[in-house]
Amino acid sequence: MEEIEERKNFKRDFVGVSVAIQFGILFIIYAATPGYIIPFLNNPIGKTTAFILLLWQAFGIALYGYSAIEPKSTPKVLAM
Amino acid sequence: MNINRSAKTREKAIKSFILKCTVIQFAIAVATCAALSNRFSEFFCNENLGSALLCSAIWSVIGTAFYPYIRGTNRIVPDAQKILILVIFYAPTLSILTFGPMLDGKGFANFPKISELFSDVPQLKTTEHMFFARFPIAQGEALTAKNTIVLAVDPTKHVGGIIATKDNHFGDSKNKNSMLLRKSIYPIEAGSEIRDSDIEPHYQ
């Protein structure tokens, strides 16, 4: 039971940290060079790609982070 | 045991609801694109609507990722939790996806473009400062600060007018480009722009 709880917490933390890093990097890029990221997001192809990837990411987070798919092996961090 | 079991089933229900919301979001995006392909591309390329959609999608991802961290959710009834999740994290994206392509975008003509708010590219001016005759200027009369005036106008409506700069502005008569060193070749009516062809010596 504790192992399952730890596994769930690991998934939740992994997803949370990766999303935080992703948007943190995006924010830093915007703060440092807005003239770089804004034209990319204004471009129709860039905007469409970013939108599709965001939806896909939300789907993946809901699927993985919320334990819909169980991993086959225990994560190595927890095995230590 | 019973309390734990009910808490787990509640948790499971919320999580499966979130998964359904993300799937529906994805499906609506694909369906809207397929059904209204021309309007969808116009809507997506619209500065304000496209950027709003992107921001709401980012908000959905953040909500999906960080919802498990929100403490105190056990105090709210699961049905109310579902409504809150839908309204707070998924409603903006779903409503923009559903109703956005139906808007023709004309209503946003007067909105400041989001790219203008965040871009560091200098914006084009819509007016220029030009020289006009304050009073009627006779043939051969010298241009002075009394008989001329500088006004901010639309340059497309006053083609041929001389644009006021630091070089040719009244204050610096020692500068060879200064308007104070010019005189009119032809009579100039009061209120009309001063053209290079009306004065001598000409510019360039």
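Visitor: How many residues of chain A are in contact with chain B?
Guide: This is a predicted model, where local features need pLDDT of at least 70, side-chain atom pairs need 80 or more, and totals for chains, interfaces and linings use all residues, while side-chain values use heavy atoms, leaving out hydrogens and water. Residues are numbered from 1 along each chain, chains are lettered from A and ligands numbered from 1, as written. Contact means heavy atoms within 4.5 Å. On that basis, 32 residues of chain B meet chain A, and the chain A count is 31.

Visitor: How much area do chain A and chain B bury between them?
Guide: Buried area is the accessible area (1.4 Å probe) lost on being put together, summed over both parts. Here 76% of it lies on carbon and sulfur atoms. The total comes to about 2800 Å².

Visitor: At what angle do α3(A) and α3(B) cross?
Guide: Helices here are DSSP runs (H or I, at least four residues), and the angle between fitted axes runs from 0 to 180 degrees. The axes of α3 in chain A (residues 44-65) and α3 in chain B (residues 47-66) come within 9 Å. Under 35 degrees counts as roughly parallel, so α3(A) and α3(B) are roughly parallel. The crossing angle is roughly 20°.

Visitor: Which residues of α3(A) make the contact with α3(B)?
Guide: From α3(B), the partners include L53(B), L54(B), I58(B) and V61(B). The α3(A) side is made by K47(A), A50(A), F51(A), L54(A), Q57(A), A58(A), I61(A) and A62(A).

Technical notes: Helix = DSSP H or I, 4+ residues; strand = E, 2+ residues; numbered from the N terminus. Parallel < 35°, antiparallel > 145°, perpendicular 65-115°, else oblique. Buried area = accessible area lost by both parts, 1.4 Å probe.
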